[in-house]
Amino acid sequence: MSLNLSEAFKPHPVYLHDDDHINFDSVQEVPDSHAWPQVVDYLSDLSDVDSVPIIDLMDPNAATLVGNACETWGVFQVINHGIPIHLLEDLESVGRRLFQLPAQQKLKVARGPDGMSGYGRARISCFFPKLLWSEGFTIFGSPIEQARQLWPQEYTTFCDVTEEYQKEMKRLSTRLMWIMLGSLGITEDDLSWAGPKNKYEGPCAALQLNSYPPCPDPKIVMGLAAHTDSTLLTVLYQTNTSGLQVFRDGGRWVTVPPKRGALVINVGDLLQILSNGRFPSVLHRAVVHQSRHRLSFAYLCGPPSNIQISPLPKLIDQKHPPLYHPVTWNEYLGIKYKHLNQALSVIRLFKPQDGSVDMNDMKRMKVGC
Ligand SMILES: O=C(O)CCC(=O)C(=O)O
Ligand SMILES: [Fe+2]
């Protein structure tokens, strides 16, 4: 899979040169390269009445709650999901160990311009005139090659923890995908590529480690700019430091408060396509802190890379014609890294008959991306 997906990145390389890599540890003042004109609604009130749903996966009503959350928010938090808390803590600890390494050490495992794995800046960064206040490390499959370079004597802990986490995430994301689709009446027979006949072995996925170092002036920087995920769904562990915000109708950014042991589930663009727009992908961003070093871990989960994804026939009728052209994940990534937040509009078959644009197009226009 990695070979195929990396083809999609080739025309849109992201460079990380030694000379424009800032050493966040030693920065006293935000350099002009990272100063955004304005970051509005910085960490909105955490007691917001309009808050992202928290769903207990042991609740007998969980499927209905998940369906409602996908339709109205495109994001929710889950508890009682079966991922042991010690694994979340271990992941955070190996992540910290990685990002606390000196810059020159991390640059040894820099992701190539069109590469898939390694250390680097967010792929979306090339769309914005200012740089992001973050660094990342992407894992596809085993990270052993990079881990060996970083810790020649003691690389196994990093590999063991991230591999165990990916194994658990594969199980959880498959379960969540079926809960989400099940709430729309979709069964394994309706999804040829994921049905039992095709010996579906679970999603194709990457694990993205994000680091948001403390910043002397957090109001003028952006950790991760507004985007939707190019996935079916994303499982995000955001540790215990707030920073994740989701965009709501009415032009507000709502902070998703961290809850111990909870995981955030984002609807991704491919699920918006499959569900024929019933489940809109969530527009989100990450802001940073003055004194806290925030980490987050995103399990980016998609279908096999060359399978055609299109609105599911069961969700199409005269009143609900198919909204999107079929695309493979591979093709979609190519479109995304050319058009970023307009990618869904590019593959849209037609605008709704009443002349309005779809909900997500509208949100993107409001935030100007
Ligand atoms: O750090 C966060 O809370 C968000 C991370 C994210 O959106 C991503 O990795 O795609
Ligand atoms: Fe994201």
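What is the mean pLDDT of the protein, and what percentage of its residues reach 70 or more? In this predicted model, the mean pLDDT (the predictor's confidence in each residue, from 0 to 100) is 88, and 85% of the residues reach 70 or more. For the complex, the predictor gives an ipTM of 0.99 and a pTM of 0.92. Residues are numbered from 1 along each chain as its sequence is written, while chains are lettered from A and ligands numbered from 1 in the order in which they are written. Local features need pLDDT of at least 70 and side-chain atom pairs count only at pLDDT 80 or more, whereas totals for chains, interfaces and linings use all residues, and side-chain values use heavy atoms, with hydrogens and water left out.

The iron ion (ligand 2) has as its protein donors His-227 (NE2), Asp-229 (OD) and His-284 (NE2), at 2.1 to 2.2 Å, donors being N, O and S atoms within 2.8 Å of the metal (3.2 Å for Na, K and Ca). Water is not among the atoms, so the site may look incomplete. The spacing of the donor residues in sequence is H-x1-D-x54-H, and both His-227 and Asp-229 are buried, that is, under 20% relative accessible area with a 1.4 Å probe and protein chains only.

The residues surrounding ligand 1, each with a heavy atom within 4 Å of it, include the iron donors His-227, Asp-229 and His-284, as well as Tyr-212, Leu-224 and Arg-294. Oxygen atoms of ligand 1 lie 2.9 Å from a polar side-chain atom of Asn-210, 3.3 Å from one of Asp-229 and 2.7 Å from a side-chain N or O atom of Ser-296. Taken alone, ligand 1 exposes 290 Å², of which the protein buries 94% (Shrake-Rupley method, 1.4 Å probe).

Definitions and conventions: Buried < 20%, exposed > 50% of the residue type's maximum accessible area, 1.4 Å probe, protein only. Polar contact = N/O pair within 3.5 Å; in protein donor to acceptor, adjacent residues only side chain to side chain.
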